[in-house]
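Here are my notes on the pocket and on one glutamate. Please read them with the model open.

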Amino acid sequence: MRCRHFQRALAFVVACTAGAASSARADEAGPPQQRGISDILELSEETCLTREKVAERLTLLLGSTKLPEGLRLTVRVDADDKTTFVVAVPGEDVGARSFETAGLTCENKLRVVSFALAVAIEGIMESRAARLRAPPAAQRSAPPLATRAPPPVAVPRATVPTATWRVGLGEGLLATRLGPTTALMLSLERETSRYSVRGSVTQTLGATVTIDPGAVRYALTLGRLNACANVLRIGAVVGRACALAGAGSFEARGLGFFSRGAAGRSVWVDAGASAEASISLSRRWTLRTSAAPFAILRGPTLEVTDARSGRVTASSDVPRIGVLFALEIAFRIGE
C-alpha cells in the first residue's frame with residue numbers, strides 16, 4: 001500500500017519538473033525577434049562608417065520601432081567625398097540623399113548619416129500609418145439626369161476694333177508743275193486698331209508763277225478724304241497705306257499785265273495714294289507724317305486775256321501730277 005502511494009507521488013514530482021522545465025525554455029526563447037539593422041544595411045566600402053557603428057547608432061535612434069518588411073538601407077561614399085544613402089521598401093522608394101561630409105570627423109559623419117536614415121525610416125512608417133487611419137473617400141452620388149443642368153456653351157467673343165476720334169493740325173508742302181507752295185491743314189480722323197478714315201482741309205498760303213509779260217498769283221482750297229489701312233507696327237510707330245481723293249477751288253489773279261479781268265476761279269479734282277507713319281507720343285498725342293503723290297483729274301489753266309481784243313496774251317501749262325508732304329500733330333478726343 002505504501003509502495004503504491006510512493007509511486008504516485010514520484011510520478012507527480014516528475015510531471016511538475018517537466019512542466020517547469022518546458023516553461024523555463026519557453027521564457028528563455030521569448031517572442032520571435034525581427035531582423036537586425038545590420039542585416040538590412042549595405043555599405044559600398046568600409047570607411048569610418050562601418051556596418052556595426054551605423055547599426056548601433058540606428059538602434060538607439062529608432063528604439064522599439066518595428067521596421068517595415070523588405071526594408072533595405074544602402075550607404076556609399078562618392079568620389080567627390082559626398083556620403084549618399086538610399087532607403088528603399090518594396091513599392092516605396094524614398095530615393096537618394098547626399099551630404100557634403102568631406103570636412104566632418106568620423107564621429108560627426110556617423111551622427112549625420114544615422115540621424116538622416118532614422119528620419120527617412122520614421123517617415124515611411126508615419127506615411128503608412130496615415131494611410132491606414134484615413135477613411136475611404138465617400139463617393140458622391142450623381143444627381144438624377146433630370147436635374148442636371150446643361151453644360152455652358154462657350155460663345156466666342158467677336159473682336160471689335162476700338163475706335164477713337166482725333167483732331168489734327170499741321171503744315172505741308174504742295175509741289176506741282178507750277179512750283180512748290182506751303183499749306184496749312186486741319187483734319188478729323190476716326191481711327192481703329194486696323195484702319196482709319198480721315199477728312200481734311202488744305203489751304204495753300206499762295207504762290208506766284210511767272211507768265212510773260214507778267215505773273216499770276218494762285219491759291220488752292222482743297223478738301224480731301226483719306227482711307228488708310230494699318231500695315232506695320234513697330235513699338236509706338238504705326239505704318240499705313242492710304243487711298244485719297246479731293247476736290248477744291250483754285251483761285252488765280254494776274255499781276256503786271258496791261259489788261260483787265262486777269263483773275264478767276266476754277267475747279268480742282270485729284271486722286272492718289274499716300275504712305276503714312278504715326279508715332280504715339282503719349283496716350284492722347286500722336287505725330288503723323290505722310291507723303292501723298294496724286295494725279296490732277298481736273299486742273300486749272302492760268303490764262304490772261306486782253307480786255308480789248310479778247311485774245312489770250314499769256315497762259316501756263318495745266319499741272320497733271322503733284323505731291324503733298326505733310327507733318328501733323330493729332331490730339332485724341334473722347335474715350
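1. A term before the pocket: strands here are DSSP runs of E, at least two residues long, numbered from the N terminus. The model is predicted. Keep that in mind throughout.

2. Start with the largest pocket. It holds about 330 Å³ of space. Its lining has 19 residues. Nearest the pocket centre lie Arg-166, Glu-191, Thr-192, Arg-233 and Val-238.

3. Which elements give two or more residues to this lining? They are β5 (164–176), β9 (214–234), β10 (237–255) and β11 (263–280). The largest share comes from β11, with three residues.

4. Next, the character of the lining of the largest pocket. Polar residues number 10. Six residues are charged and three are nonpolar.

5. Now Glu-189. This residue sits in strand β6, which spans residues 179–191. Is Glu-189 buried or exposed? Its relative accessible area is 1%. The cut-off for buried is under 20%, so Glu-189 counts as buried.

6. Look at the partners of the Glu-189 side chain. One polar contact, at 2.9 Å, runs to the side chain of Arg-288. Another, at 3.5 Å, reaches the side chain of Arg-198.

7. The wider surroundings of Glu-189 are worth checking too. Leaving aside residues up to four places away in sequence, Glu-189 touches Thr-164, Trp-165 and Arg-166, among others. Ser-196, Val-197 and Arg-198 are also among its contacts, as are Arg-240 and Arg-288. Note Arg-166: this residue touches Glu-189 and is also one of the residues nearest the centre of the largest pocket.

How values were computed
Residues are numbered from 1 along each chain as its sequence is written. This is a predicted model: local features need pLDDT of at least 70, side-chain atom pairs count only at pLDDT 80 or more; totals for chains, interfaces and linings use all residues. Side-chain values use heavy atoms; hydrogens and water are left out. On a 1 Å grid over the protein atoms alone, a cavity is a set of points where a 1.4 Å probe fits but cannot get out, and a pocket is an open set with protein on both sides within 12 Å along at least five of seven lines; lining residues have an atom within 4 Å of a point. Grid points are joined across faces, edges and corners, and a volume is the space filled by probe spheres set on the points. Helices (H or I, at least four residues) and strands (E, at least two) are DSSP runs, numbered from the N terminus. Ala, Val, Leu, Ile, Met, Phe, Trp, Tyr, Cys and Pro count as nonpolar, Asp, Glu, Lys and Arg as charged, and the others, Gly among them, as polar. Buried means under 20% relative accessible area, exposed over 50%, partly exposed in between (1.4 Å probe, protein chains only). A polar contact is a pair of N or O atoms within 3.5 Å; within protein, one must be able to donate a hydrogen and the other to accept it, and residues adjacent in sequence count only if both atoms are side-chain atoms. Contact means heavy atoms within 4.5 Å.
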